[in-house]
Every structure is written in C-alpha cells, then in structure tokens.
Amino acid sequence: MFCKNLAQLSNDYDVFLIDVYGVLYDGNVFYDGVLDYLAEMKKIGKKLIILSNTTMVADDCKIKYRPKGLSEKHYDIFISSGEAFRRIIKDHIGSAKTYFSAFSPNNALFNKDQFKQTDTIREADFVYVGYLNSNRFYIADAFKDRNGQLIPMEDLTSIDCHDIADFDEITQILDLSLKFNKPLVIANPDIFALEMVSTSEFSEKRPVLCQGAIGEFYERMGGKVIYFGKPYQAIYDFAKQFIPNGSKTAMIGDTLWTDILGGNMAGVDTILVLTGVSGTFMKSFVDGDINSKVERLLSKISSKMTHKSLKEFSQIPTHIIERFA
C-alpha cells in the first residue's frame, strides 16, 4: 500500500519501531511536522520505540537530539545499536579481552574492566570499526576506480576495495585485519547514510559510506564480521522485551536492506519512508510505479551484497509512505 504519510496507517498498529536518520531526521534537523506528530501519537496511546543504528549509547543519543527538539515526550524508549552492542557484546565475542579501534574511537561502548584497547591490530582480539566520516567524508556517489572511472554507488561494495582510488586507509586496515585473522566488530551495519557535507564547492546532503560497507568489503576478502544493529536479530530481540504481548507492531525505516529486512526477519509489518536512503536511490528511476522501483532497487543493490540474510528474507515492505508526517 502506498500512502502520503503515516496518519493513514497509524490506526492499524499499537507499537512502532522507528528509525531516526532518513525517517525523522535529515542529519541536520528534524523533518517538518515530525516532532508534533510523534507527540500526538504518544497522546493517543501509541507505543513508540526509537530503533537507531547509531553507535552512540542511548543516553548520548538523547543528549544529542534534545537541543534539536526531540525529548522523552516524543517516544517511550530509545534503543541504539551502540546500546545493544554494549549490553550483549560478551555474548557474541567469546573470550576476547582486547580490541583495536579503527577510524573514529567510541570508548563509551567498552567496559574498561572487560576490554583493553591496543595500539596495533596484531595485539588485538578484534577490530572495532568506528565512524568513518569524522576526518573526511567518504561520499558514496563520488568514488572512482584506479583508472579514474566513476563507480556507480550501487556497485561500490561489490568490487574489490583495493581497486577504489583514495581508499588506502581502509584497505590498509582490512589487509592487516585479514593478515592477523582478526574479526571485525561493527555496531552500525548501515551501508550508506545521508549526511550534510560541506566543502569549498558545495554544502548539501550527500550519501556517505557507513561502517556496514566496511563489513561488506571485509567479508568479500574472506574475513569474519560480527554485526550489532538492524537488520540483525539481536537488536530486535532486545526491543521485543518492551513490546506488550499481542501488540500489532510495525517497523518504520528508510532503508530496504536494514530497516525493512530486519523488520521482516523479526516478524513485524514494515513501512518504507522515501525521505531517506532508498528514496534517494529511486529518484534516478524515471519510469514505473513505486512497487516496480522498489524491485529495481533491490535487484541493483541487494543482489551484490554479501549479507547471507539478504538472500534468505524479503526486503519488500508491507507499506510505503512518502514521508513520516
């Protein structure tokens, strides 16, 4: 079913699992009408669970968004993949005690009594993949191969990362991780996100690489990756403890291969919002209705990804809406 906004569907559900980036928030501000509509839904008794793939822990997320207008009056629970990571990592990483932090560190995720940070990959039990874009933006639609040819964004994670120009930092970390047989641990499985990018030439929202893309590259090299966050089951299991039995639940997200796939795997209805990543991809499709555009996007993107779950579960949403509010 295709609708203008969530109001046309809200009476069908008791609980909503809601992504942030691309659904409520554009990377800089909340979309028009979103905060008012969240507050309205809370007043009429809907249970709203924020389910974000950010690596920040939940308390830090609340602090970040509060000055922008999002507060506890707009949701019941805020769950981040970073929060799930911190709570359940020991269940997934075995006897590991040391880690190497690649890219941007996030020491708030690690209990210092359990894990010690090392200076080299060789010394570590695993490699934690942090936020990529703190020092420079890895703009996903601007990469070229070593011959200077532009790489289509949908092809980016399906090629050998060594063939991508200006990728030396990433390839060095992955090569060393593979050489010493270290698993990567990723607390944000997103492949792409929309971020406000400012350079001397422009200031606009652009698609950038996220940590999940690094996992894709490493798996293609033969390395092991441990993911926390959507679409993987652990974060949904964590969320389900806050959902009353018998509730009709829907996952709302902007990305077919994380939000929609994860919701479908978790056995809840799914609602795709076109203001984020998937909608950005589909803008290049001129012909066809919205359902055919979803099918085209999945054939262009998902068939090239390494996630085993992408080949076993549907990424078709139950509903599609233009915008949240």
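# Salt bridges, rings and buried residues in a predicted model

Q: In this predicted model, what is the N to O distance in the salt bridge between R86 and E83?
A: The side chains of R86 and E83 meet in a salt bridge. The cut-off for such a pair is 4 Å between a side-chain nitrogen and a carboxyl oxygen. For R86 and E83 the N to O distance is 3.5 Å.

Q: By about how much of the helix are R86 and E83 separated?
A: Both residues belong to helix α3, which covers residues 81–88. Because R86 and E83 are three residues apart there, their separation is about one helical turn.

Q: Is E83 buried or exposed?
A: Its partner R86 has a relative accessibility of 37% and so counts as partly exposed. E83 has a relative accessible area of 8%. Buried means under 20%, so E83 is buried.

Q: Which residue forms a salt bridge with D19?
A: The whole structure holds 10 salt bridges. In one of them, with the closest N and O atoms 2.9 Å apart, the partner of D19 is K230.

Q: How many residues apart in sequence are the parts that D19 and K230 tie together?
A: D19 sits in the loop between β2 and α1 (34–43). K230 sits in the loop between β11 and α6 (233–240). The pair therefore ties together parts whose separation in sequence, in residues, is 211.

Q: Are D19 and K230 buried or exposed?
A: D19 has 7% relative accessibility, so D19 counts as buried. K230 has 0% relative accessibility. Because buried means under 20%, K230 likewise counts as buried.

Q: Which residue is linked with E322 and R323 in a network of salt bridges?
A: The side chains of E322 and R323 meet at 3.0 Å, N to O. E322 counts as partly exposed at 22% relative accessibility, and R323 counts as partly exposed at 36%. The residue linked with these two in the network is K4.

Q: What is the angle between the planes of Y99 and F126?
A: The structure holds 25 aromatic pairs. Y99 and F126 form one that is stacked, with a centre to centre distance of 6.0 Å. Planes under 30 degrees apart count as stacked, and here the angle is 20°.

Q: Which strands hold Y99 and F126?
A: The pair of Y99 and F126 links distant parts of the chain, 27 residues apart. Y99 is buried, with a relative accessible area of 4%, and F126 counts as buried at 0% relative accessibility. Y99 lies in β5 (residues 98–102) and F126 in β7.

Q: Why is the pair of Y138 and F143 stacked?
A: Y138 is buried, and so is F143. Their ring centres are 6.3 Å apart. The pair is stacked because the planes stand at 25°.

Q: Which residues do ring pairs link into a cluster with Y99 and F126?
A: Y99 and F126 form a stacked pair. Ring pairs link these two into a cluster with F85, F110, F115, Y128 and F228.

Q: At what distance from the ring centre of F285 does R296 lie?
A: R296 lies over the face of F285. For an Arg, the cut-off is CZ within 6 Å of the ring centre. The distance for R296 is 4.1 Å.

Q: How many of the 11 residues of helix α5 are buried?
A: Helix α5 spans residues 211–221 and is mostly covered. The buried residues include Q211, E216, F217 and M221. What covers them includes β7 (126–129), α4 (168–179) and β10 (203–209). The number of buried residues in α5 is nine.

Q: What is the phi of G222?
A: G222 comes just after α5. Its phi is positive, at about 105°.

Q: Which residue offers the backbone oxygen that the side chain of S278 reaches?
A: S278 is placed in helix α8 (residues 277–282), and S278 is buried, with a relative accessible area of 0%. Its contacts include T255, L256, W257, L272 and L297. The backbone oxygen reached at 3.0 Å belongs to D254.

Q: Which element of the protein has the lowest mean pLDDT?
A: The mean pLDDT of the protein is 89, and 95% of its residues reach 70 or more. Strand β2 (residues 15–18) has the highest mean among the elements, 98. Where pLDDT is low, the predicted coordinates should not be read in detail. The lowest mean, 75, belongs to strand β9.

Definitions and conventions. Residues are numbered from 1 along each chain as its sequence is written. This is a predicted model: local features need pLDDT of at least 70, side-chain atom pairs count only at pLDDT 80 or more; totals for chains, interfaces and linings use all residues. Side-chain values use heavy atoms; hydrogens and water are left out. Helices (H or I, at least four residues) and strands (E, at least two) are DSSP runs, numbered from the N terminus. Buried means under 20% relative accessible area, exposed over 50%, partly exposed in between (1.4 Å probe, protein chains only). A polar contact is a pair of N or O atoms within 3.5 Å; within protein, one must be able to donate a hydrogen and the other to accept it, and residues adjacent in sequence count only if both atoms are side-chain atoms. Contact means heavy atoms within 4.5 Å. pLDDT is the predictor's confidence in each residue, from 0 to 100. Rings of Phe, Tyr and Trp (its six-membered ring) pair if their centres lie within 6.5 Å; planes under 30 degrees apart count as stacked, over 60 as edge-to-face and the rest as tilted. A charge sits over a ring if NZ of Lys or CZ of Arg is within 6 Å of the ring centre and within 35 degrees of the ring normal. Lists of a residue's contacts leave out its neighbours within four places in sequence.
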